[in-house]
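Me: I'd like to go through this one by asking why each label is used. Can you set the values against the definitions for me?

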Amino acid sequence: MSEGEKAPSGGLASGPDESGAHVPGEPGLWILLFGEMSFFAALFASFLYYRGFDPSGFAEAQKQLSQTVGLINTLLLLTSSLFVAHGVRAVRAAQTSLAPRLFVLGIVCAIGFIACKSFEYYELFDHGIAISDHTFYSFYFGLTVLHLGHVVIGTILLSLMASATRRPLKKPTHFAMVESGACFWHMVDLLWIVIFALLYLVE
Amino acid sequence: MEKGFYASVTSQRVLVWMTIALGVLFAISYMGLMRFFPPPPADLPADEVLAHYSTNNIRFRVGVIFGLISGGFLLPITVVISVQMARLEKGVPVWAIIQALAGAVGTIFIWFPILIWGVAAFTVERAAELTLLMHEFGWLLFIAPLSMFPMQLIGIIFIAFTKEESDAHSAFPRWLGYLTAWQLVQSFGGPIAVLFKTGIFSWNGLLPFWLPFGLFSAWMVAICYTLLRALRHQRASSA
Amino acid sequence: MLRLLRDPLFLAWSLLVAVTLVSSRIGGPNPGIDVGSAAAVTTIVLSIAFAKVAVVIFTFMEVRGAPVVLRVLCSVWLFGVLGALLALYYGILP
C-alpha cells in the first residue's frame, strides 16, 4: 500500500469540513509545532522570570527599541499569513496560477520582515548597544535571532511551496505538505505576536 | 537492487544495539567521572575551573579515557541509517552518502572536546588561565558546532517525506520526518552559545544545552525504535 | 468588495490588524491610551496577544475544523502559557 492510499476522508484535496475530522497538515506535523511552541513558551517564561528581578532596568532598556519597526514587522507577518492562508485555498481549488502568486506575496512580506529586522539590529549596534549590556538585550537578541532563523526557514518552505504548486498536485500527501508548510508559517507569525508583546509592549 | 546487496539484517540489528554502548560510556565518562553534568556555568572564574580539574584529577582523567572510547560508537547507527536510506533511494544514494559523511565527521565533536579537557587535566600545575582556555575551547567545541548535525538530518527528512513505502513498517515514517525537522531547527541554537556567558543562551543554558541534549536523546530512541522495527519487517518479508 | 467582507480569512486579518494597532497604543514607553498601572497594561497587552494567537491558530491554521483532541491541546497551550506568563509577571510563581 502506498502513502497515497491513506487519504484523509473527503477526496484528494481535503480541507476542513463539517465533520471536524481534518487535521491541519497531518498528525506528525504537530510534533514539530507543539515542540517549537513549547520551547518558545519556555523562553517567554524565562524572560518574565528574569524581568522579575529588575523590572525598572528592563523598562529602561526597552526604551531603546523602536516600537514602530516592531509594529511594522507585526503587520507584515499578519499580512503574509493572510496571503499564505489564501494560497492554501487556491491550491485546493487547483488554481495553479493564483496559488504560487499568493505564496510569492507571502515571501515578499517575509523579506520585508527580514529587512526591517536587519535595520533594527543595525540601528541598535549603531547606538553602541551590545548583547552583554543588560539581560533585556540578551533576551532581545536571543529571541529575535532565533525567530529570524525560523523566518528564514519558513521563507525557504514558502519558496518550495510556490514552485511545487505551479502544477496541479497529484497525491494527498502533497496537499498535506503544502498545509504543513503553511501551518509552520502561521506558527512563525504567532510566535512573533507574543515576542512583540513581551519585548516591545509589556510594562 | 538484487537480493543480498545490503548488509544482512542481523548485522544491522547488532550495529543498532551498539548505540547503547555510546550512551553508557558517555554517561560513565561525562556524568560519573568528569562531573560535567549539569555543565559548569560558562562564566566560572579561572581558579574554580582549575579546581574542577585538580581535585580528583585521576578520576577526571579516567573519565577522559571512557569518553574517548565512546566517540566511535556513533558510527554503527550512522551506517545503518544510511543503508536503510539507500534502500529507498533511486540510483546513486546521495542522501545516504551525505548522512554517513556528516555522521562520521560528527563523531569528532564527541571525542575531540573530551581530549581537550584531557589535556587540561593532564598538567594541572599550569597557570589557571591556561586551564580556563582549554576548558572553554573544549566546551565551545562540544556545544557550538551543532550546526554540523543538520547535514545528517536533511536527508532523513527528505526520505521520510518522499519515500514510496508504507509508514507502518518503515525506518523513516512521516512522524519521524517531523521530529527530525524539529531537531534540525533546534540544532541551530548551538552556535548561539558563543555569544553568551550567562543565562539560558549560554552553554549550560536551556537553549544550547538542555534542549538539544533532551531532543537528541529522544530522537536517538525514536530512530533506534523505527530502525529495529523496519529490520524486523525486512527479515520477516525476506524469509 | 462585498465578497471580501464575507471572507472569514480577510475578516480575521482585519481584526488582527485592528487589535495590533490598539495594543501598540496601550503598551510600550510612550502609550497613547492610558489604562492606568503598568500591571494593567501588561495584563491587557498579553491578553490581546494571546487572543490574536488564538485567531491565528483557529482560523489561519484551520484548527477550528480539526479533531477535538487538537482543539483541546491548542486551547491548553493558549491558556496555560498566558496563565503562566501572567503568574510570573505578578510574582505568583517563584
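**Labels and cut-offs**

Me: What makes a residue a neighbour of Phe58(C), and which ones does Phe58(C) touch?

Reply: Leaving out residues up to four places away in sequence, Phe58(C) touches Val63(C), Arg64(C), Arg71(C), Cys74(C), Ser75(C) and Leu78(C). They count because contact means heavy atoms within 4.5 Å. Keep in mind that this is a predicted model, where local features need pLDDT of at least 70, side-chain atom pairs count only at pLDDT 80 or more, and totals for chains, interfaces and linings use all residues. Residues are numbered from 1 along each chain as written, chains are lettered from A and ligands numbered from 1 in written order, and side-chain values use heavy atoms, without hydrogens or water.

Me: Where does Phe58(C) sit, and how far is its C-alpha from that of Val45(C)?

Reply: Phe58(C) belongs to helix α3 of chain C. Its C-alpha is 20 Å from that of Val45(C), 13 residues apart along the chain.

Me: What makes residues 38-60 of chain C a helix, and how does the span of α3(C) compare with the expected one?

Reply: Helices are DSSP runs (H or I, at least four residues; strands are E, at least two), numbered from the N terminus. With 23 residues, α3(C) passes that length cut-off, so the label fits. The expected span is 1.5 Å times one less than the number of residues. That gives 33 Å for α3(C), and the helix reaches 32 Å from first C-alpha to last, close to the expectation.

Me: How confident is the predictor about chain C?

Reply: pLDDT is the predictor's confidence in each residue, from 0 to 100. Chain C has a mean of 90, with 97% of its residues at 70 or more. Among its elements, α1(C) (residues 2-6) has the lowest mean, 75, and α4(C) (residues 68-89) the highest, 95.

Me: What does chain A consist of?

Reply: Chain A comes to 6 helices and 0 strands. Its C-alpha atoms fill a box of roughly 60 × 30 × 25 Å along the principal axes.

Me: How do you know which chains touch, and which pair has the most contacts?

Reply: Of the 2 pairs of chains that touch, A and C have the most contacts. There, 45 residues of chain A meet 43 of chain C. Chains B and C have no contact, and their closest C-alpha atoms lie 16 Å apart.

Me: What makes the buried area between chain A and chain C a number you can quote?

Reply: Interface size is often given as the accessible area lost when the parts come together. Buried area is just that loss (1.4 Å probe), summed over both parts. For chains A and C it is about 3,800 Å², 76% of it on carbon and sulfur atoms.

Me: Why is Arg92(A) with Glu62(C) called a salt bridge?

Reply: The label needs a side-chain nitrogen of Lys or Arg within 4 Å of a carboxyl oxygen of Asp or Glu. In this pair the closest N and O atoms are 2.7 Å apart, so the rule is met. This interface has 2 salt bridges by that rule. The elements giving two or more residues to chain A's side are α1 (29-51), α3 (67-92) and α6 (172-201) of chain A. By class, that side has 29 nonpolar, 10 polar and 6 charged residues.

Me: How do those classes work?

Reply: Ala, Val, Leu, Ile, Met, Phe, Trp, Tyr, Cys and Pro are nonpolar, Asp, Glu, Lys and Arg charged, and the others, Gly among them, polar.

Me: What makes up the contact between chains B and A?

Reply: It takes 22 residues from chain B and 27 from chain A, burying about 2,200 Å², 74% of it from carbon and sulfur atoms. Arg174(B), Tyr178(B) and Trp182(B) lose the most area on chain B's side, together 29% of what that side buries. Arg174(B) also forms a salt bridge with Glu26(A), with the closest N and O atoms 2.7 Å apart. In chain B, α10 (174-187) and α11 (206-238) each supply at least two residues of that side, with the largest share, 8 residues, coming from α10(B).

Me: What makes Arg35(B) and Pro38(B) stand out?

Reply: Most residues other than glycine have a negative phi, and most peptide bonds are trans. Arg35(B), not a glycine, has a positive phi of about 55°. The bond from Phe37(B) to Pro38(B) is cis, with omega near -5°. Arg35(B) is in the loop between α2 and α3 of chain B, and that loop also holds Pro38(B).

How values were computed. Buried area = accessible area lost by both parts, 1.4 Å probe.
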